[in-house]
Amino acid sequence: MYLGLDLGTSGLRAILVDEAGIVQGEAEASFDLAHPYPGWSEQDPAAWVTSCETAVAALRRHVPDAFARLRGIGLSGHMHGAILLDAGDRVLRPCILWNDTRSTAEAAALDATPGIREITGNIVFPGFTAPKLAWVRKHEPDLFEKVAKVLLPKDYLRLWLTGEHISDFSDSAGTAWLDVGARDWSDAALEAGGMRRDQMPSLVEGSAPGGTLRPALAEAWGLSQTVTVAGGAGDNAAAACGSGCLGEGTGFASLGTSGVLMAGRDSYSPDPASAVHSFCHAVPDRWYQMGVILAATDSLNWLSRNLGQSPSELARALPDAATGPSALTFLPYLSGERTPHNDSAIRGAFIGLDVSSDRTDLTRAVMEGVAFALRDSLLALKGTGARFDTLLATGGGARSRFWLTTLASVLDLPLSLPKGSELGAAMGAARLAICAADGADPNDVMTAPEAAEIIAPDPALRGAYEDAYQRYRALYPLLSGLG
Ligand SMILES: Nc1ncnc2c1ncn2[C@@H]1O[C@H](COP(=O)(O)OP(=O)(O)O)[C@@H](O)[C@H]1O
Ligand SMILES: O=C(CO)[C@@H](O)[C@H](O)COP(=O)(O)O
């Protein structure tokens, strides 16, 4: 048996799978996201450990015999977050997350360092890890002096599970300290932000072993055998492994807290100018590219908090099939935007509010706005040479039929809805555990899941969505021009 742990922004999902990758048990535990000041986004790493204990306890209750046969654990986690540890592995401050924009000035300064984009293959976005440390260095200098190690979110869970400081290439690619082509820390990139190699974890491939479960935890969980912890992956590389997106021509659209359009690549062909992310994949000799928007279901959650109805209640009020563009346009820049604008200062907007606009109109506009933003990412990815005939649909937003059908028509691409479409990253983590514990070939394990359904774009709506997308595109320069 293999345990896949996906540390999402809104909660942790755990799945237990057998040797054939068939799900034997599932558990979830949620935790909070704090926004103490505008643009800040933080979490307490202790909550991740608690959620892991809760999920494991639930699995042990529900599928005790299967859990007792555990051989491997795979980790997936939201990317870029900075966990700062002192020499005794104590957490120095709350984790600064991927959608935190406080380090905009530090990111711009690092991004201007000669050669940094060539080394890291990416723009140094404010959400990446290096500018967060540069912010801490400037604003919390006493704390910065105590930093002995910097870990990414899933690797903090690994520290608790194994006692070791280890990361994998796919997650480390989002720090702006990694030479993404060479798959190694870059001393030049580290020095640019006043960091040292000894403050970094050691690196392994996502599909290779990355530690062993601590004997004390194994005993507490009733396990007598050695349990291997895989290198694991950042959540998007993990979702790609769970969705069979390894090589050229494969890709997925994710409606999670963030929105992602991902393309598997057989070679490394970075294009930082387009605000496309180019990262190592979780398996050897592969890379992937993606466009990232910062608020996909986060936009729906924002609306849900303010209207006092849950996201699923809001979604239920919409029809099952796309109806063509609404008169109301939403720009989902609630936390700024990465692809294609790289603008952490821009903020969201509704354009076209009418005295008759109601909560259903607002929900529909939010889902359409996110779909338009993902079309921006699709065009940026196509500009790097990525091609796909179909995209897999994944993430919690894929529970909404209206959102899926709208996205298919706006992207003008069929979406394949896999069975268990929300399990992508947790399934990828479990598959990485199979590779690490048993030496299985990733190409054999990371197959595309069976499609529950193919959602085709509606040709009758193509022209109307095209016009609406052009209107949407014209709004960003107007909005940013307002200062
Ligand atoms: N029926 C639904 N329709 C649309 N969105 C939904 C529905 N149910 C849940 N969601 C959204 O899915 C989100 C969780 O998605 P998930 O992919 O697990 O996010 P993350 O991995 O970022 O934590 C919730 O925050 C919620 O906004
Ligand atoms: O910042 C990125 C990728 O660059 C995000 O995709 C995070 O990795 C968070 O993912 P979700 O919680 O939305 O899945």
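## Contacts around Leu85

Two residues count as being in contact here if their C-beta atoms, placed from the backbone, lie within 7 Å. With that in hand, welcome to a tour of this predicted model. Leaving out residues up to four places away in sequence, Leu85 touches Arg90, Val91, Leu92, Ala148, Lys149 and Leu151.

Leu85 itself sits in strand S6, which covers residues 83-85. Leu85 counts as buried because it has 20 C-beta neighbours inside 10 Å, and the cut-off for that label is 20 or more. If you look across to Ile166, 81 residues away along the chain, you will find its C-alpha atom separated from that of Leu85 by 14 Å.

## The loop before S6

Let us step back to the loop between strand S5 (72-77) and S6, where Met79 is found. His80 lies in the loop between S5 and S6 as well. An unreviewed UniProt entry annotates Met79 and His80 as "binding site".

Are these residues buried or exposed? Met79 is buried, as 28 other C-beta atoms lie within 10 Å. His80 counts as buried too, with 25 C-beta neighbours inside 10 Å. Setting aside residues up to four places away in sequence, Met79 touches Trp98, Leu152, Asp171, Gly174, Gly234 and Asp235. With neighbours within four places in sequence left aside, His80 is in contact with Trp98, Gly127, Phe128, Thr129 and Gly174. Trp98 and Gly174 thus appear among the contacts of both Met79 and His80.

## Asp235

One of the contacts of Met79 is Asp235, and this residue deserves a visit of its own. UniProt lists Asp235 under "active site", again in an unreviewed entry. In the model, Asp235 belongs to helix H11, residues 235-242.

Asp235 is buried, because 33 other C-beta atoms lie within 10 Å. Beyond residues up to four places away in sequence, Asp235 touches Asp6, Gly8, Ser76, Gly77, His78, Met79 and Ala425.

## Two ligands and two domains

Gly8, which touches Asp235, also leads us to ligand 1. This ligand is surrounded by 18 residues, and the closest are Gly8, Gly256, Thr257, Ala315 and Gly396. Helix H12 (297-307) and helix H13 (311-316) are the elements that give two or more residues to this shell. By class, the shell around ligand 1 holds four nonpolar residues, 13 polar and one charged. Why does ligand 1 lie between domain 1 (2-236) and domain 2 (244-481)? Both domains give residues to its shell, so the ligand lies between them.

Ligand 2 has 17 residues around it, with Thr9, Trp98, Gly256, Thr257 and Ser258 the closest. Gly256 and Thr257 are thus listed among the closest residues for ligand 1 and for ligand 2. Trp98, a contact of His80, is one of the closest to ligand 2. The shell around ligand 2 contains four nonpolar, twelve polar and one charged residues. Domain 1 (2-236) and domain 2 (244-481) each supply at least three residues to the shell around ligand 2.

## Helix H7

Our last stop is helix H7, residues 153-162, which is mostly covered, with nine of its ten residues buried. Those buried residues are Pro153, Lys154, Asp155, Tyr156, Leu157, Arg158, Leu159, Leu161 and Thr162. Just past the end of H7, Gly163 adopts a positive phi of about 80°.

Notes. Residues are numbered from 1 along each chain as its sequence is written. Chains are lettered from A and ligands numbered from 1 in the order in which they are written. This is a predicted model: local features need pLDDT of at least 70, side-chain atom pairs count only at pLDDT 80 or more; totals for chains, interfaces and linings use all residues. A residue is buried if 20 or more other C-beta atoms lie within 10 Å of its own, exposed if 12 or fewer, and partly exposed in between; C-beta atoms are placed from the backbone. Helices (H or I, at least four residues) and strands (E, at least two) are DSSP runs, numbered from the N terminus. A residue is near a molecule or strand if its C-beta atom, placed from the backbone, lies within 6 Å of it. Ala, Val, Leu, Ile, Met, Phe, Trp, Tyr, Cys and Pro count as nonpolar, Asp, Glu, Lys and Arg as charged, and the others, Gly among them, as polar. Domain bounds come from an automatic or database domain assignment. UniProt positions are given in the numbering used here, feature names are shortened, and annotations may be inferred rather than shown by experiment.
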